[in-house]
Amino acid sequence: MRKFVAKILLFLLPLAALAYPLDALISHFFKNSHDYQGELEVWNDIYNSRASCDIAIYGSSRAWVHFNPDFLSDSLGKSVYNFGIDGHNIRLQYLRHKEFLKYNKKPKYIILSLDDFTIERADNLYNEEQFLPYMLFNKDIMTFTSSYSGFDKSDYFIPILRYIGKSRVLYNTFFNCNSDCYRHRGFKGIDRTWNDDLDKAKIKNESITVQIDTSRIDLLETFIKECQNTGITLFFVFSPEYIEGQKYISNRNSILNVYKTLSQKYKLPFLNYSNDDICFNRSLFYNAMHLNATGANIFSKKLGHELKKLELIK
Amino acid sequence: MLFNSIGFAIFLLIVFIYYWFFTGKRIRTQNIFLLAASYFFYGWWDWRFLFLLIFSTLLDFFIGLRMQGAQSKKVKRFWFWLSITVNLGFLGIFKYYNFFIESLAESMSQIGWQMHPWTLSVILPVGISFYTFHGLSYIIDIYNSKISAEKNFADYAVFVSFFPLLVAGPIERATHLLPQIKKERTFDYFKAVDGMRQILWGLFKKIVIADNCAEFANQIFNNSSNLSGSTLALGAIFFTFQIYGDFSGYSDIAIGTARLFGFDLLRNFAFPYFSRDMAEFWRRWHISLSSWFRDYLYIPLGGSRGGNWTRIRNTFIIFIVSGFWHGANWTFIAWGALNALFIMPSVLMRTNRQHVETIAQGQFWPTIKDVFQMSFTFALAVFAWIFFRAHSIEHALSIISAILSPSLFTVPNFDGKVKAVITLMLTAVFMIVEWYGREEQHAISRISKKWNRPVRYAMYYAIILAIFIFGGKEQQFIYFQF
């Protein structure tokens, strides 16, 4: 019996001894990956205190591809960083906000890019790989991601475990880490023309109803209060959405009403571009929800001028 | 608690240490501890169904005692049928009620009579088919005076609920496992080491082979309507390896785990894809279930005694019942019937025991005849698996008709081709290792006999590295749903 236990321990010893250094090594190199829509570039900037700015833009992919920091900077004369996180709603946007404040100077202004899915119920941890290099023993990441299907509890505490079977991650770590930066200050203009995503979606369902999650509304409210308590000026912006796409969301008005109510309750400026000219020009979009690079530049200029005109940013 | 989870690793470590170091190696204490650990393991899935398991165990335990003490054959028969009725009743309610009621309603609607059946929205208790069959075999063996009723409840309860085999087998027999439970167990170093080896190989089969193949099998079977024949054929092949890796991997982990505690469970797989005909395949696939049906259904029905018609009838009965055991769906029945059809020539020509020994025994290379026979048998198995995996008979037929169309000769088209090629390469390596170890209890058992320590250890670390790099996205074990 003793011999068996000793042999097993001896066999496992190299694995245990290697686990942490290997984890650190993979995490170190994987951070250089520009895959996963460049999400790791943003996390790196956050954790390396390179994301400090006057104006922070929060939101989902619609923030990430719509708000060009250069155009906003030019118009407003302030430094801007785009923290848009692809495929995620207020829950993980808030996680990014928390991590940002922990390692960087507090911004003066936050533009929260709202969309139809900001307060939606979601269970799937989209692009979960973006958390891999930072999540070991990270309590905040665990608090905000463990309720999604993606990681087990042990992944947050046991080195290397979360990399098991992540062959794409390992490939990116060792063979694809020197490609060019994907984002510029968190932003990426997408050079694409209109695709048939909406037509395909309409074949499946005439329209869809977004499942509103009250816990997401509560979190949004918490976020608003925290901004107000810490002296950060917060704006709501609903950037352009192609008009046909707006019709596709059956409860869009209910969702907008939640935002309107909150903006009134907390006296937040709410710039809603749902009826802007851009929304009627299909050539500025690559799908119903997302502007292409041209559309994003036009919108960013427009927003900059409007913020200046309204003297919301001083 | 999945076998391939950290939770199970911790559980196993604790149970192993306590079992060997803190029970004073007293058999009674060990058994009570194993029972408590097994109930904890089962309760981890869903504690509510623990009551069902305990009830089923108590029922068969007491009925066993009643049968043993019955004064007349009539009384014995009464208790016997009571147990059969209650056991199958539970299985029927949880597993088959909705199927029967919906099938009845559909049949009625065919003749213009609309029924609005009341269906149950219950989840299937994990492992119910397995532990029910444990109980049934025990009761039938007592009825046939093959064994005496067990007087110690804890010992009997361990037989039904021993955690390695509780949720997906192997389906044990009282004649095989109960004597081991009652016998003093001493730690056997070589058995435990080989058990660990078998666990490692089982993990490789599940995590690397089954979970990767599952990704493509699911993608192809779930979007089959617009896919070419070649893509669908590839999907069927992926599923063929998925189900083998998944279930035989599970069995390897279960058997290996039991060996750590000094138990030898029944073998469940013996390299079935190297079979030379379907009769051999069925002697090598899910052996504990096939032999259960052979002993408790086929032989009581008359087996292969009597004329051709009796043999045809009995063969179809056991294969259809076996198919139905897997789940309440016509696809499983069709799968069973198809296998009966495939095995029929050898049953009628009485050549079903032609290939009892291992293929190419004592040699490395098979003969051309062996290769031809293996390929043909493998093709039949793949064909049958289409029914097993399809959502409905119509779905299976649509896949088969696409496979049998000219599009079979086009290049397969689906997402993730690079990963699919890597998966096929891994599967090829896996099959080579299986071929190398085909004369042993499990594929890498031979390594311990033939290879020296450094090479052996290198192989173990290589397997762990393969799991680390190529492990697929975690999937539920297929047989948990049965």
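**Local environments, cores and contacts in the predicted two-chain model**

Asn127(A) counts as partly exposed, because 18 C-beta neighbours lie inside 10 Å. The structure described here is a predicted model, and Asn127(A) is found in the loop between strand 3 (109-113) and helix 6 (139-145) of chain A. Phi of Asn127(A) is near 55 degrees, a positive value in a residue other than glycine. Most residues other than glycine have a negative phi. A second residue with a positive phi, about 55 degrees, is Ser145(B), which is not a glycine either. Ser145(B) is placed in the loop between helix 5 and helix 6 of chain B. With 10 other C-beta atoms within 10 Å, Ser145(B) is exposed.

Burial was also assessed for Arg183(A), in the loop between helix 7 (167-175) and helix 8 (197-204) of chain A. Arg183(A) has 21 other C-beta atoms within 10 Å and is therefore buried, since the cut-off for burial is 20 or more. Leaving out residues up to four places away in sequence, Arg183(A) touches Gly38(A), Glu41(A), Val42(A) and Lys188(A). One of these partners, Glu41(A), is 142 residues from Arg183(A) in sequence, yet the two C-alpha atoms are 7.3 Å apart in space.

Ile46(A) belongs to helix 2 (residues 39-47) of chain A. This residue counts as buried because it has 24 C-beta neighbours inside 10 Å. Apart from neighbours within four places in sequence, Ile46(A) is in contact with Ala51(A), Glu99(A), Phe100(A), Tyr103(A) and Asn104(A). Ile46(A) and Leu9(A), by contrast, are separated by 37 residues in sequence and by 40 Å in space, C-alpha to C-alpha.

In chain B, Glu357(B) occupies the loop between helix 14 (330-348) and helix 15. Glu357(B) has 9 C-beta neighbours inside 10 Å and so counts as exposed. The C-alpha atoms of Glu357(B) and Met1(B) are 37 Å apart, and the two residues are 356 places apart in sequence.

The next feature is the nonpolar interior. The largest nonpolar core holds 127 residues, of which Phe159(B), Phe238(B) and Phe387(B) touch the most other members. Helix 10 (residues 229-260) of chain B gives the most to this core, with 17 residues. When residues up to four places away in sequence are not counted, Phe238(B) touches Cys213(B), Phe216(B), Ala217(B) and Ile220(B). A second core, separate from the one just described, has 60 residues and includes Leu40(A), Tyr58(A), Phe235(A) and Phe299(A).

Two packed helices are described by the angle between their axes and the distance between the axes. The axes of helix 10 of chain B and helix 15 (residues 368-389) of chain B come within 9 Å and cross at roughly 85 degrees. The two helices are therefore roughly perpendicular to each other, as angles of 65 to 115 degrees are classed in this way. Helix 10 of chain B contributes Ala236(B), Ile237(B), Phe239(B), Thr240(B) and Ile243(B) to the contact, while helix 15 of chain B contributes Ala381(B), Val382(B), Trp385(B), Ile386(B) and Arg389(B). By class, the residues of this contact comprise 8 nonpolar, 1 polar and 1 charged.

Helix 3 (residues 48-69) of chain B was examined for its length and its buried residues. At 1.5 Å a residue, its 22 residues should span 32 Å, and the end C-alpha atoms are 33 Å apart, which agrees. The buried residues of helix 3 of chain B are Leu53(B), Ser56(B), Thr57(B), Asp60(B), Phe61(B), Ile63(B), Gly64(B) and Met67(B). An α-helix has 3.6 residues a turn, so residues three or four places apart point the same way. The buried residues of helix 3 pack against helix 2 (27-46), helix 4 (73-110), helix 5 (128-143) and helix 6 (153-161) of chain B.

Finally, the contact between the two chains takes 14 residues from chain B and 12 residues from chain A. On the side of chain B that touches chain A, helix 1 (6-22), helix 9 (189-222) and helix 19 (453-470) of chain B each supply at least two residues. Helix 19 of chain B gives the most to this side, with 5 residues. The residues on this side of chain B divide by class into 11 nonpolar, 2 polar and 1 charged.

Technical notes:
Residues numbered from 1 in each chain as written. Chains lettered and ligands numbered in written order. Predicted model: local features only at pLDDT ≥ 70, side-chain atom pairs only at ≥ 80, totals over all residues. Core = buried A, V, L, I, M, F, W, Y, C linked by C-beta atoms within 7 Å. Buried ≥ 20, exposed ≤ 12 C-beta atoms within 10 Å, placed from the backbone. Helix = DSSP H or I, 4+ residues; strand = E, 2+ residues; numbered from the N terminus. Contact = placed C-beta atoms within 7 Å. Axes fitted to C-alpha atoms, helices over the stretch in contact; angles between N-to-C directions. Parallel < 35°, antiparallel > 145°, perpendicular 65-115°, else oblique. Nonpolar A, V, L, I, M, F, W, Y, C, P; charged D, E, K, R; others polar. Expected span 1.5 Å × (residues − 1).
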